[in-house]
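The exercises below ask you to read a structure step by step, from annotated positions to a sheet shared by two chains. Try each task on the structure before turning to its solution.

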Amino acid sequence: MGKQKLVVIGAGMASGRVLEHLTDAAPDAWDITLFNAEPRGNYNRIMLSPVLSGEKTYADIVTHDDAWYAARGIACRFGEHVTAIDREARTVTGQQGAVAYDKLLIATGSAPFIIPVPGKDLPGVITYRDLDDTEAMVAAAERGGTAVVIGGGLLGLEAAAGLRLRGMDVTVVHLMGHLMERQLDEAAGYLLKKDLEAKGITVLTRASTKAILGTDRAEAVLLEDGTTLPADLVVMAVGIRPETRLATAAGLRVARGIEVDAQMRSSDPDIHAVGECVEFDGHLFGLVAPLYDQAKVVADSLLGRENAFQVRDVATKLKVTGCDLFSAGDFRDGPGREDIVYRDPARGIYKRLVIEGDRLVGCVMYGDTADGSWFYGLIRDETDIEEMRETLIFGPAFQGGATADPLSAVAALPPEAEICGCNGVCKGTIVAAIEGGAGDLGAVRARTKASASCGTCTGLVEQLLQATLGEGYAAPAVQPVCGCTDHTHEDVRRLIKTMPLKSQEAVWQELGWSTRNGCHVCRPAINFYLLADWPLDYRDDPQSRFINERKHANIQKDGTFSVVPRMWGGITTPDELRAIADAADKYKVPTVKVTGGQRIDLLGVRGEDLPAIWADLNRAGLVSGHAYSKGLRTVKTCVGTDHCRFGTQDSTGLGIKLEKVLWGSWTPHKVKLAVSGCPRNCAEATCKDVGIVCVDSGYQVGVAGAAGMDVKETERLADVPTEQEAIDLTVAFIQLYRENAKYLDRPYKWVAKVGLDWVRARVVDDLEERARLIAAFELSQSIYRKDPWAEHAATRADSYAPLADLTLEAAE
Amino acid sequence: MSWIDIGSLEDVPLRGARLVKTRLGCVAVFRTAEAEVFAASNACPHKGGPLVEGIVHGTRVTCPLHNWVFDLETGAAVGEDARIATYPVRVEAGRILIDGTALGRRSAA
């Protein structure tokens, strides 16, 4: 049997792949004629963008050269248009004559869609489809001037980016609300627009082209809204459609494309079709992967082998010159669909996963597409993602549940993330120092100053050493917050500030917590860190507080509570005392005691009575004394100049002012103050967290005293001449403590860790930092300086009573 | 079983608990997730601490007095040889229902 005659119309990437398969498998079986309207053979069309931008030349992107065709005995009729297919005679007619076929392969590809506006045929209006278009754009760009690209899809944006790189002023006109609306959602489209604009490209969305203006060549584009955009070059890139004219004329079945079966046969079994010109099962094809699948099927079909084409879901990893984007699957909103969204505005990163049931069905990423193929795999394989749902968006590096890598959060930080707040050292600087030879903590400190001041970022610097040096670095053992995490308190605080993390959920997810919502050890700490660092974004969570702070009263060993109203600076009035006495009677309070903090404790109040007794005390002007909180407790005072013959200043007045400023604030542990009117120190100020001793010349502000498990005298922070400065130093000190201390460290423990000099530098010497601390405290107090008793009595009284009383019901 | 409506799901704070008085003594109803509730004896077997006032985490509660931790699914104390009684409870149309029979059976025992 002689050779069969195969005629191929179109020398594109799909038919090129068919010819490779066919001539490899059966070099002598076919007598092949290849028509191509372009005066050249098969080249890599995907690489036209680099040719346009000048990074590559045509020679670089040729797939099959003359020698390749010659070696395989393929008769090339390039630059020759096919004018007709005669299925009766089984011939194909080109401009230079007809050729007979046994089998015909149509691979005519696609044609650019031209919007039917006046002026569309003017010289200077070009499409972007093949090498000739590319060369025309390069030639136009050499003349400089302005270009308008109509169409904000992939091709249009590639054209715009290339023309911009070649120095033209470029405007993209896009009909839809955001760029690449078929591949990207709105958020990713927004980031893409921002990136293109940063490159100097003007982007107009929701812009409809009305006409292309010009007399003998294109001069401007007129939009529907009346805007006129000057244009030396107009690139029309609004889309493509299958090139089906020959097939239609030959009477083949054509819908949007040439209809084919799973063997890529058209309605005439001797005619195959492949590539962008076909329609299979309602699908059209534009990406290279399915075209190559089709090519294999065509070759097998011609060789008499069994094979069938299947539509695969294809991920689109796109590169619009310098912009990283990725999309896969189906990412439309819909009933029963859930989104997981991650945004990092600073780095221009957006990731969105679309989940249906326990399957990932879609994914859009912008700015960081490294995990794209992993997500694509989950979509393609329909993997059950239930187990990793919470950390899914962080990609494969983050999976593995309880064994989450504690280094991953640090590894994920961008180079510009600040690690050492004291010295303003960012991650990139530290990593550079480590890579430059700083192999241990001391060397990093010497070279970058990171962790050389307060030292609370030491853990993070050690993690960076470990992450950068790998096995070569043995990190010292650290004490994690609790069993839910490997991070230390210091690391968690720093990461909450740096990443930043503004909710409990963010902490659990980003720092790889191994439990659903922490435990009784970590949750109160995380709750405090979040409210201290993000007073406006995060609100105190009562369910993450120990009972005393949740109920605003101290639980006693028999389950009753103690109630301590505030007495500002230890000063009270007969009316207040009468109200306290009445309440003690009314609620049958068994014990009334004067406390060491100069106020009165009502012990033995039943939990159910709390809202009522609070309401009674509120009516007399009494508010919560916060005797139960990790916050300001008392400001103890002596009587000062008002009554005492030794008093040097108004110590009572200062105490009251301090208490009015500080009350209601949450701190890492309880905070007690005192103000003494002279060095005789009757208010015992020298063993308080902040103790002020008045002298003739002003105020001695001491901090970090203790009189509990440890006894320790305060250390002198500074001597200041005015009352206002004494208040300022106190507030700044407490705010610094709020921002930096480990939860449940009293100030004396915290100061021992960071050093008094470090504290003094910020609170006393650096006036700008002092002002910042005071402003930050005030901001937080704008939310927390209020009476929780009044609030609970008014809005939550019900929650103090049992949910139900079944004692009266029959128990069956 | 005889299900008794004891209140609205909304009345129990998320990651919190409320008390229900019964003839057997107090029972704590815990809400561990949006629509996940448990019921158990309120008294910690250690020193009688009120579990209703504990921090609720995962499906566990920590006693507010001395930090004993109980698994609400089983009633077992974590790391201690102790147990609290648990009671069938369910959520239906936003209401919490507790099994009256279970409460009664214990009284008979």
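UniProt positions are given here in the numbering used for this structure, with shortened feature names, and such annotations may be inferred rather than shown by experiment. This is a predicted model, in which local features need pLDDT of at least 70 and side-chain atom pairs count only at pLDDT 80 or more, whereas totals for chains, interfaces and linings use all residues. Residues are numbered from 1 along each chain as its sequence is written, and chains are lettered from A and ligands numbered from 1 in the order in which they are written.

**Exercise 1.** Determine where UniProt places the feature "binding site" and how the positions are arranged in space.

Solution. The unreviewed UniProt entry gives this feature at Cys638(A), Cys644(A), Cys678(A) and Cys682(A). These positions are spread over 45 residues of sequence, yet they cluster in space, with a largest C-alpha distance of 10.9 Å.

**Exercise 2.** Decide whether Cys678(A) is buried or exposed, and do likewise for Cys682(A).

Solution. Begin with the location: Cys682(A) lies in the loop between β33 (671-676) and β34 (690-695) of chain A, and Cys678(A) is found in the loop between β33 and β34 of chain A; strands are DSSP runs of E with at least two residues, numbered from the N terminus. Next, apply the cut-offs, by which a residue is buried if 20 or more other C-beta atoms, placed from the backbone, lie within 10 Å of its own, exposed if 12 or fewer do, and partly exposed in between. Cys678(A) has 20 such neighbours and therefore counts as buried, while Cys682(A) has 18 and is therefore partly exposed. Finally, look at contacts (C-beta atoms, placed from the backbone, within 7 Å): leaving aside residues up to four places away in sequence, Cys682(A) touches Cys638(A) and Ser676(A), and Cys678(A) is in contact with Phe646(A), Gly647(A), Thr648(A) and Cys694(A).

**Exercise 3.** Work out which strands form the open sheet that includes β39(A), and which stand at its edges.

Solution. The sheet has 5 strands in the order β39(A)-β2(B)-β3(B)-β4(B)-β8(B), with mixed pairing, where two strands pair if DSSP finds at least two bridges between them. At the edges stand β39 (804-805) of chain A and β8 (86-87) of chain B, each with a single partner strand, so one side of each has no neighbour in the sheet. Across the chains, 2 bridges join β39(A) to β2 (residues 16-22) of chain B in parallel, and Ala804(A) stands opposite Val20(B). Within chain B, 6 bridges join β3 (residues 25-33) to β4 (residues 36-41), which run antiparallel, and Val27(B) stands opposite Ser41(B).

Key: Helices (H or I, at least four residues) and strands (E, at least two) are DSSP runs, numbered from the N terminus. Two residues are in contact if their C-beta atoms, placed from the backbone, lie within 7 Å.
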